[in-house]
Amino acid sequence: MNGKKLRIVLAEGNPGEATSALRALYQEDQDGLELTVVSGVSTLIATLEIVNPEVIFLDLALARPDPIDAVRRVHRSAPAIPLIVIASDIEKDCAILSLSHGTQDYLLKGFIDCRTLERVLRTALERNTVEGLADLLRDPLTGLYTRDGFLTLGTHAMEMAKNRESTLVLLCIRIENLEAVRTGYGPSAVESSVCEVAKALASSFRRTDLVARLGDSQFAALAVDAAEPSAPVLRQRLEKRVDMLNRDIGPWGPLELRMGVRFWSAKEAAAFSEFLDSVESELRIPTAPFAGEAAPRQAVNAAAER
């Protein structure tokens, strides 16, 4: 772990296993670590702007009475910085739940040694680098990830899910009548339609999920740490937002969207690109598209129910 000075902010109670492990990890190169230890969540949040850390550690014992709310607060304060929580054995379920609210990883007390800490830090810093590179691959119109950015981050998310034995849900959608909008109403109507669909899609998912514009008329969203029952829930949530969008759409009329949804577990061997292709292929099967109030609900591709 030698190299440039690593800035870490750590909120930890007694006995301070993570603090001890960090100091042991850097014992031969103390100049490589800038460690700031604080005693509470409020102090942690106030310290972030001053220290500008590369990694944040939060002991859930300091986050009572509502650890998940504390995780959300810390993540909102520094959404781009990897957040790792420290939990006792009885807090493990809460630590796992926190992965859906901004936490990147967790450490269990009693198992925090140099080897484990080095692995967690390396993963956190690699992910930050990957996300930084992916930020260069954003669609200029919508601000969503491009296909390359989505494949990069999606591959990393799948690797993380395999390591944690967690699950993913992938939703793909396509605007079926975008060319008709272009022909009848011009490029400005197309841009407006694309942006509105992008907003509807992004608002249907969490900030920790991945949302992308894969092509001119196609989008995708990857929900991380999402249980299998959430697949139809996510689809229905987006359908409702499209319904609302189509009530206020411009003179070109309702947008016709086709959707495909699929659940993934760590038992599957397919690469992320193959997973994405399997859902995209559902959009190529001839069927009536979904168009909010203008089309029957049964027309939505229910790939999640396979």
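The following paragraphs lead through the fold of this protein, from its overall make-up to its two sheets and a few individual residues. The model is predicted, and the protein in it comprises 10 helices and nine strands. Of its 306 residues, 52% count as buried, while the protein exposes about 14400 Å², of which carbon and sulfur atoms supply 50%. Among contacts between residues at least 6 apart in sequence, 70% join residues at least 24 apart.

One sheet is open and built of five strands in the order E2-E1-E3-E4-E5, with parallel pairing. Strand E2 (33–38) and strand E5 (105–108) stand at its edges, and because each has a single partner strand, one side of each is left without a neighbour in the sheet. From one strand to the next, the twist averages 20°. Within this sheet, strand E1, which covers residues 6–11, runs parallel to E2 and is joined to E2 by six bridges; Ile8 stands opposite Leu35 of E2. Helix H3 (residues 67–77) packs on the sheet, where H3 touches strand E3 (55–59) and strand E4 (83–87), and the direction of H3 makes about 155° with that of E4.

Two backbone features belong to the loops around E3. In the loop between E3 and H3 lies Pro65, which is joined to Arg64 by a cis peptide bond with omega of about 10°. The loop between helix H2 (41–51) and E3 holds Asn52, a residue that has a positive phi of about 50° although it is not a glycine. Asn52 is partly exposed, its relative accessible area being 47%.

The other sheet is likewise open, but consists of four strands in the order E7-E8-E6-E9, and here the pairing is antiparallel. Its edges are formed by strand E7 (210–213) and strand E9 (257–265), each of which has a single partner strand, so that one side of each is left without a neighbour in the sheet. Neighbouring strands are turned against each other by 15° on average, direction ignored. Strand E6 (residues 167–175) and strand E8 (residues 218–224) run antiparallel and are joined by seven bridges, with Val169 having Ala223 in E8 as its bridge partner. Helix H6 (residues 147–164) packs on this sheet and touches E6, E7, E8 and E9, its direction making about 20° with that of E8.

Edge strand E9 also contains Arg258. Is this residue, Arg258, buried or exposed? With a relative accessible area of 6%, Arg258 counts as buried, because this value is under the 20% cut-off. The side chain of Arg258 is joined to that of Glu176 by a polar contact of 3.1 Å.

From E8 the chain leads through a loop to H9, and Asp225 is found in this loop. Phi of Asp225 is near 50°, a positive value in a residue other than glycine, and Asp225 is buried, with a relative accessible area of 18%. Helix H9 itself (residues 230–247) has 18 residues and reaches 26 Å from its first C-alpha to its last, close to the 26 Å expected at 1.5 Å a residue. The buried residues of H9 include Ala231, Leu234, Leu238, Val242 and Leu245, and also Arg235, Glu239, Asp243 and Asn246. An α-helix has 3.6 residues a turn, so residues three or four places apart point the same way. The buried residues of H9 pack against E6, E8 and E9 as well as against helix H8 (187–203).

Conventions. Residues numbered from 1 in each chain as written. Predicted model: local features only at pLDDT ≥ 70, side-chain atom pairs only at ≥ 80, totals over all residues. Heavy atoms only, no water. Pairing = 2+ DSSP bridges. Axes fitted to C-alpha atoms, helices over the stretch in contact; angles between N-to-C directions. Contact = heavy atoms within 4.5 Å. Buried < 20%, exposed > 50% of the residue type's maximum accessible area, 1.4 Å probe, protein only. Areas by Shrake-Rupley, 256 points an atom, 1.4 Å probe, with all protein chains shown as cover. Polar contact = N/O pair within 3.5 Å; in protein donor to acceptor, adjacent residues only side chain to side chain. Expected span 1.5 Å × (residues − 1).
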